Amino acid sequence: MEKPSILTVTLNPAIDTAYRLEYLKTGSTTRTKKPLKTVGGKGLNVTRVLSILGESVTATGFLGGSNGTYIRNELARLGVRDEFVQILGETRQCLAFIDSRNNHTEILEEGPSISSEEQEEIRKLLRVLIPEVNILVVSGSLPLGVSSNLYQWMIREAKNHGVKVLLDTSGEALAESLLLGPYLIKPNREELEEILGCSCQGEEEIWKAMEKIAEKGIEVVIVSDGDKGSLVYYKGERLKVVSAEIRAVSAVGSGDSFIAGFAAGLSKGYSIKDTLVLASACGSANALEETTGYINLQNLDYLIKQISIESSWSGRS
């Protein structure tokens, strides 16, 4: 029997609620209509887009309390296999206030602290889930009480079973996981500079920094170039992905949608270029939506036709 294709990990999920206002005035009452409530956390954004793309996806991480129940109900609605570990703490909520000038004000909860027993429970679960899939997507921040050792353990476990790891995190969690050689990482320019301890003044320096990181055994290194597209280093090849021209509604969640598109292309056995085109189209499709981590399939074909890829070789292999 064919294995389910993709497992997503969201250790610090959230319920995201966005409020659109004329203006936000502190110390006063502000009224708003129709707040937009979505299941959030980077890995769950990836999960939702994968579900829309028709991929077989299993989702795991930590969930607790009434907010956790809300997220489980949403996963059931999407038809996603729910393998989240139930915790004693309450899953966090995050609030965003967007005024008429499109200024964003966010209030982000820290979230619950995860006990050592709960961490051991997810390790036991992942020992079962990882061998079942071909692709592991590990996204987002670490919750309180959890060190980057857990991400490192996941990468090691996945590689032992021939499972490709797409790692989309930042800071210490990213830096300390590089030596284990995940299949893909997607730092931004600032994170790239932080990892190497030097600044990248131009595109050529960014390429050289990406090549240096790839030497750690990472096959795909992607650095976003904003609305221009992405720079991708893959096995000695430099691929410059030029995005579709769109009028963005909200870019929040576009990076997660890009990762979802990449995972879907990888699952379908696409070439690296076709995979990147699908990923870029998903990122742009999300930017056309008000909802975070959401795409309209009707927009994909149109966007795919607008995306181009420029290729050159670095001289390394």
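**Packing and burial in the predicted model**

Val232 lies in strand 13, which covers residues 229-234. The structure described here is a predicted model. With a relative accessible area of 0%, Val232 is buried, because buried means a value under 20%. Apart from its neighbours within four places in sequence, Val232 is in contact with Trp207, Met210, Val220, Val221, Ile222, Glu237, Arg238, Leu239, Val241 and Leu276. Glu194 is 38 residues from Val232 in sequence, and the two C-alpha atoms are 18 Å apart in space.

The loop between strand 13 and strand 14 (237-242) contains Lys235. The phi angle of Lys235 is near 50°, which is a positive value in a residue other than glycine. Lys235 has a relative accessible area of 48% and is partly exposed. A positive phi, again near 50° and in a residue other than glycine, is found at Lys34. Lys34 belongs to the loop between strand 2 (14-20) and strand 3 (36-40). The relative accessibility of Lys34 is 79%, so this residue counts as exposed, the cut-off being over 50%.

Nonpolar residues were examined next. In soluble globular proteins, nonpolar side chains tend to be buried together. The largest nonpolar core in the model has 46 residues, and the members that touch the most others are Leu166, Phe262 and Leu276. Helix 9, spanning residues 272-287, gives the most to this core, with eight residues. A second core, separate from the largest, has 42 residues, among them Val9, Ile87, Val163 and Leu167. Beyond its neighbours within four places in sequence, Leu166 is in contact with Ile135, Leu136, Val137, Val138, Tyr183, Leu184, Ile259, Phe262, Ala263 and Leu266.

Trp153 is located in helix 4, residues 149-160. At a relative accessibility of 10%, Trp153 counts as buried, since the value is under 20%. When neighbours within four places in sequence are left aside, the contacts of Trp153 are with Arg123, Leu126 and Arg127. Trp153 is separated from Ser177 by 24 residues in sequence, and their C-alpha atoms are 9.2 Å apart in space.

Helix packing was then considered. Two packed helices are described by the angle between their axes and the distance between the axes. For helix 1 (residues 42-52) and helix 2 (residues 65-78), the angle is about 20° and the axes are 10 Å apart. Helix 1 and helix 2 are therefore roughly parallel to each other, as angles under 35 degrees are classed in this way. The crossing of helix 1 and helix 2 is left-handed. On the side of helix 1, the contact is made by Leu44, Thr47, Arg48 and Ser51, and on the side of helix 2 by Ile71, Leu75 and Leu78.

Helix 6 (residues 189-196) packs on helix 7 (residues 203-214) at an angle of about 55°, with 11 Å between the axes. Helix 6 is therefore oblique to helix 7. This crossing of helix 6 and helix 7 is left-handed. Arg189, Leu192, Ile195 and Leu196 of helix 6 make the contact with Ile206, Ala209, Met210, Lys212 and Ile213 of helix 7. Met210 is also one of the residues in contact with Val232.

Helix 9, described above for its part in the largest nonpolar core, also packs on helix 10. The axes of helix 9 and helix 10 (residues 297-306) come within 9 Å and cross at roughly 120°. The two helices are therefore oblique to each other. The crossing of helix 9 and helix 10 is right-handed. Helix 9 contributes Val277, Leu278, Ala281, Cys282, Ser284 and Ala285 to the contact, and helix 10 contributes Leu300, Leu303 and Ile304.

Cysteines were considered last. A disulfide is a covalent bond between the sulfur atoms of two cysteines. The structure holds zero disulfides. Cys94 has a relative accessible area of 6% and is buried. Cys200 has a relative accessibility of 1% and also counts as buried, because this value is under 20%.

How values were computed:
Residues are numbered from 1 along each chain as its sequence is written. This is a predicted model: local features need pLDDT of at least 70, side-chain atom pairs count only at pLDDT 80 or more; totals for chains, interfaces and linings use all residues. Side-chain values use heavy atoms; hydrogens and water are left out. A disulfide is a pair of cysteine sulfur atoms within 2.5 Å. Buried means under 20% relative accessible area, exposed over 50%, partly exposed in between (1.4 Å probe, protein chains only). A nonpolar core is a set of buried Ala, Val, Leu, Ile, Met, Phe, Trp, Tyr and Cys residues joined through side-chain atoms within 4.5 Å. Helices (H or I, at least four residues) and strands (E, at least two) are DSSP runs, numbered from the N terminus. Contact means heavy atoms within 4.5 Å. Axes are lines fitted to C-alpha atoms, for helices over the stretch in contact, and angles run from 0 to 180 degrees between N-to-C directions. Angles under 35 degrees count as roughly parallel, over 145 as roughly antiparallel, 65 to 115 as roughly perpendicular and the rest as oblique. A crossing is left-handed if the near helix is turned anticlockwise from the far one by less than a right angle, and right-handed if clockwise.
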